[in-house]
Amino acid sequence: MTPLARLLEAALFASARPIPSDTLSQLDPESTPAAVAAALDEIRERYDNEGHGVELVAVSDGWQILTRPEYTEAIERAQLAARPQRLSGAALETLAIVAYRQPIGRMEIEDIRGVGAGAILKSLQERGLVDVVGRGEGMGRPLLYGTTPLFLEHFALRHLGELPRADELTVALRPALPQAS
Amino acid sequence: MTAVEVRDDERSAGQPEDEVQHGFIVELPEFSGPLDLLLSLIRDEQVDIYDIPIARIAEQFLARIHGMAIDDAADYLEMAARLLRIKAQMLLPRPEGMEAWEDPRAELVRRLLEYQQVREVVDVLERLGDDRRNRFARSYVQPQVEQIDRDDRPFAATLADLFAAVDRVLRQAKRPLVHDVIPRALDVDGAMKSIRAVMALRARARWGDIVSRDAEPWQILSVLLALLELAKSGELRIVQPKPFASMELSGDTVS
């Protein structure tokens, strides 16, 4: 591997969180963004082609070394690491609405979901998946919520644009189109 | 319906920590809200969402929520009431020949379609989240050394913290008292003249002899500064005979 690729690999190994691209560029002041991109490609190809237990994944404007899914169970069985809890359906619904409609207030979320959202918003905020991004103009200047970089990390997204566009969603619910029940 | 009841029992027996976490939020195991339940009924009954047989669906909806702890299910009850109202509106005779008849189900259909979109995004998020859950990142334990220079770190607060702080402060704030401040120059020279005049007449004087009782603060300050000025130049001596006694001024010190 090139010296730059080795440096980046070391930094990626040392970090628990994805490292933003510009931080990676700063590791070697003489490197160019193109050289960093090439070095990242080199690392990724090595991990993929040489049969490594980890892979290089692009997440939320950065890069992160993650273990491959096939080893998850063995690692968890040995209690070396534990998978985080799954989010509840209600939490996922709330996240989905915030992701597509942000900045959005609590009332709007409740209108769409048909149930109260206060407690779920609070717990999502505590988990760092959504945060207050501003205040609305309406009565009482309601708090407006948006997704955080941690949201992208949680779903291994690079940016919100990776979610399906609203017009790509199939909304037809006619019996002619069988729905998974 | 029995199935719903059984699952409900399972949930309360099996996952007590879930209830603690979500407080008052009641969630049937398979439904995350009344719209979810409604969508599931529409699917099960294989009906056209654009032409919902509202009477049948309302009846099914009521049957399904019957097994729930009714006290906690206000949102489901609200939906049930909405369905019954739509059902009643559908029974009203339609004005003949009028184009502008508005289907009472239209708003419900719009909400259901919107909610269905959300459910589809949830499926995507669930898949992505599961995929990410199955990969471990390095678990880095923050070394304690970090805490040493904690004071040097820039103050960190989220926007929510800021809004909360502003609200807290504004709630406590009283109406501001507006003062008009009129600048008044001190007249030290004038005070020195009047002290000299008093001291020319008497050998000793006290504070009360040189400041009138109704003196304004600026006059008192002028006299004080004048006294200190005179004492500094040696024209005047200030003596306190014993602790806590009044100061005595005497003018006969020089020469």
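User: How many residues of chain A are in contact with chain B?
Analyst: On the other side of this pairing, 45 residues of chain B take part, where contact means that two C-beta atoms, placed from the backbone, lie within 7 Å. This is a predicted model, with local features needing pLDDT of at least 70 and side-chain atom pairs counting only at pLDDT 80 or more, while totals for chains, interfaces and linings use all residues. Residues are numbered from 1 along each chain as its sequence is written, while chains are lettered from A and ligands numbered from 1 in the order in which they are written. For chain A, the count of residues touching chain B is 48.

User: Which element gives the most to the side of chain A that touches chain B?
Analyst: Helices and strands here are DSSP runs (H or I, at least four residues, for helices; E, at least two, for strands), numbered from the N terminus. Strand S3 (62-67), helix H4 (72-77), helix H5 (89-101), helix H6 (106-113) and strand S5 (130-135) of chain A each bring at least two residues to that side. With eight residues, the top contributor is H5(A).

User: How many nonpolar residues does the side of chain A that touches chain B have?
Analyst: Ala, Val, Leu, Ile, Met, Phe, Trp, Tyr, Cys and Pro count as nonpolar, Asp, Glu, Lys and Arg as charged, and the others, Gly among them, as polar. Sorted that way, this side of chain A has 11 polar and six charged residues. The nonpolar number is 31.

User: How do the axes of H5(A) and H6(B) cross, and what does that make H5(A) to H6(B)?
Analyst: The axes are lines fitted to C-alpha atoms, for helices over the stretch in contact, with angles from 0 to 180 degrees between N-to-C directions. These two axes come within 9 Å and cross at roughly 105°. Angles under 35 degrees count as roughly parallel, over 145 as roughly antiparallel, 65 to 115 as roughly perpendicular and the rest as oblique. So H5(A) against H6(B) is roughly perpendicular.

User: Which residues in H6(B) meet H5(A)?
Analyst: H5(A) brings A:Gly89, A:Leu92, A:Glu93, A:Leu95, A:Ala96, A:Ile97 and A:Tyr100. The residues of this contact divide into nine nonpolar, one polar and two charged. From H6(B) come B:Val118, B:Val121, B:Val122, B:Leu125 and B:Glu126.

User: What arc do the buried residues of H6(A) cover around the axis?
Analyst: Buried means 20 or more other C-beta atoms within 10 Å of a residue's own, exposed means 12 or fewer, and partly exposed is in between, with C-beta atoms placed from the backbone. In H6(A) the buried residues are A:Ile109, A:Ile112 and A:Arg113. They sit on the same side of the helix, because the arc, taken from the directions from the helix axis to the C-beta atoms, is only 90°.

User: Which helices of chain B do the buried residues of H6(A) pack against?
Analyst: Within chain A, those residues pack against H5 and strand S4 (104-105). From chain B, the partners are helix H3 (34-44) and helix H6 (106-133).

User: Which peptide bond is cis?
Analyst: A:Pro103 sits in the loop between H5 and S4 of chain A. With omega near -5°, the cis bond is the one from A:Gln102 to A:Pro103.

User: Is A:Ser60 buried or exposed?
Analyst: A:Ser60 lies in the loop between strand S2 (54-59) and S3 of chain A. Its phi is near 40°, a positive value in a residue other than glycine. Since A:Ser60 has 21 C-beta neighbours inside 10 Å, it counts as buried.

User: Where is A:Ala156 found?
Analyst: A:Ala156 is not a glycine, yet its phi is positive at about 50°. It counts as buried, because it has 20 C-beta neighbours inside 10 Å. Its place is the segment after helix H8 (149-154) of chain A.

User: How many helices and strands are there in chain B?
Analyst: Along the sequence, chain B follows the pattern α-α-α-α-α-α-α-α-β-α-α-β-β. That gives 10 helices and three strands.

User: Where in chain B is confidence lowest?
Analyst: pLDDT is the predictor's confidence in each residue, from 0 to 100, and chain B averages 77. Its highest mean is 90, in H6(B). With a mean of 40, the lowest is helix H1 (residues 2-14) of chain B.

User: What ipTM does the predictor give the complex?
Analyst: The pTM of the complex is 0.62. The ipTM is 0.83.
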